Amino acid sequence: MTYCVAARLNAGLVFLSDSRTNAGVDQISVYRKMTVFERPGERVMVLMTAGNLAVSQAVLDGLARQQQEGGETLWNAPDMFEAARRIGNAVREVYRREADALREQGVDFNVSLIFGGQIGAERCRLFQIYAAGNFIEAGEECPYFQIGEAKYGKPILDRVLQPDTPLDEAAKCALISMDSTLRSNISVGLPLDLLVYDTGTLRVTHFASIDEHNEYFRMIRGTWGERLRQVFAEIPDPLWTNPESPDSLVPASRVHQPKRVDPMDVPQESYPAPQVLAEGPGSDQLN
């Protein structure tokens, strides 16, 4: 398992990947999931992979063989859409070669990729490529993609990332998303690869390899946890009210009974209404 996240913003692109691979709790190793294809002044493309490591490596090998054999490669693709299509073709080629053997061993053909960058004067583009070789593109409504163990880091992305988010803020958001995932899932681990690309530069703008000694990431881990606990403590606790009380603000239409199982051979009696959440903010209606 792994976790990778990337965002396409008005100002450029942000990519972040972890490096943990494992085949069980006692077989953990490190393999970097981010690969950069860069020809300064002409194109910058970034590929991140998740899923079966053997399949991911086979796709990367297929892209390398495209270059050796000539013809259609990432280096002569006229635009990012065509480059994404060529990666999809590489995925399909691996499937044709390996899927039957994997199926015989009870192994799924499992690979997912995030691919983004800029070619020439074209705007920055970001794609998610699936195991079938098809892909979708990030847009204004959802400017980011995740692959791998995505659920723990998603809430902060949904609340913060917008197309006009500055790159440094987006990088910070991605790191917080990664920290949330690291804390909740042992199949994701350090070190991390962080790449930030400014639109129009046509070269890697910023890059960092982040391990447990990185002071900025350690600050994020401590500060984020501390501020979450602080905000949690500041939110009022629930207040309860008796809906039958004259000063209750809860309308009768919002009073419900829990699902109950009645004892057998016992006459059923009417149940008193349970206390419900008070609907007068800041007022103690507990009776």
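Here is a short Q and A on salt bridges, strands and helix packing in this predicted model.

Residues are numbered from 1 along each chain as its sequence is written. Because the model is predicted, local features need pLDDT of at least 70 and side-chain atom pairs count only at pLDDT 80 or more, while totals for chains, interfaces and linings use all residues, and side-chain values use heavy atoms, with hydrogens and water left out.

Q: Why is the contact between Arg-32 and Asp-193 called a salt bridge?
A: The term needs a side-chain nitrogen of Lys or Arg within 4 Å of a carboxyl oxygen of Asp or Glu. Here the N to O distance is 3.0 Å, so the pair qualifies. The structure holds 21 salt bridges.

Q: What makes Arg-32 and Asp-193 a tie between separate parts of the chain?
A: Arg-32 sits in the loop between strand 4 (28-30) and strand 5 (34-39), and Asp-193 sits in strand 11 (residues 192-198), so the pair links parts that are 161 residues apart in sequence. Helices (H or I, at least four residues) and strands (E, at least two) are DSSP runs, numbered from the N terminus.

Q: Why does Asp-193 count as buried or exposed?
A: Buried means under 20% relative accessible area, exposed over 50%, and partly exposed in between (1.4 Å probe, protein chains only). Asp-193 comes in at 6%, so it is buried. Its partner Arg-32 is at 48%, so that one counts as partly exposed.

Q: How do you know that Glu-93 and Arg-96 form a salt bridge?
A: Their closest N and O atoms are 2.9 Å apart, so the pair meets the distance limit. Both lie in helix 2 (residues 80-104), three residues apart, about one turn of the helix. Arg-96 is exposed at 56%, whereas Glu-93 is partly exposed at 35%.

Q: What separates Lys-154 and Asp-158 along helix 3?
A: About one helical turn, because they are four residues apart in helix 3 (residues 154-160). These two form a salt bridge as well, with closest N and O atoms 2.7 Å apart. Lys-154, at 36%, is partly exposed, and Asp-158, at 41%, is partly exposed too. Elsewhere, salt bridges that share partners join Glu-72, Glu-82, Arg-85 and Arg-86 into one network.

Q: Why is strand 2 described as largely enclosed?
A: Six of the six residues of strand 2 (residues 12-17) are buried, so the rest of the structure largely encloses it.

Q: How do you know that strand 2 pairs with strand 1 and strand 11?
A: Two strands pair if DSSP finds at least two bridges between them. Strand 1 (residues 3-9) and strand 2 are antiparallel over six bridges, and six bridges also join strand 2 to strand 11, again antiparallel. Both counts therefore satisfy the rule. Leu-13 of strand 2 is the bridge partner of Arg-8, while Gly-12 stands opposite Asp-198 in strand 11. Strands 1 and 2 form a hairpin with two residues between them.

Q: Why is helix 4 called roughly perpendicular to helix 5?
A: Helix 4 (residues 167-184) and helix 5 (residues 215-234) pack at about 70°, with axes 10 Å apart. Angles of 65 to 115 degrees count as roughly perpendicular (under 35 is roughly parallel, over 145 roughly antiparallel, the rest oblique), so the label fits helix 4 and helix 5. Contact means heavy atoms within 4.5 Å, and residues making it include Leu-175 and Ile-176 of helix 4 and Phe-217 and Trp-224 of helix 5.

Methods:
Axes fitted to C-alpha atoms, helices over the stretch in contact; angles between N-to-C directions.
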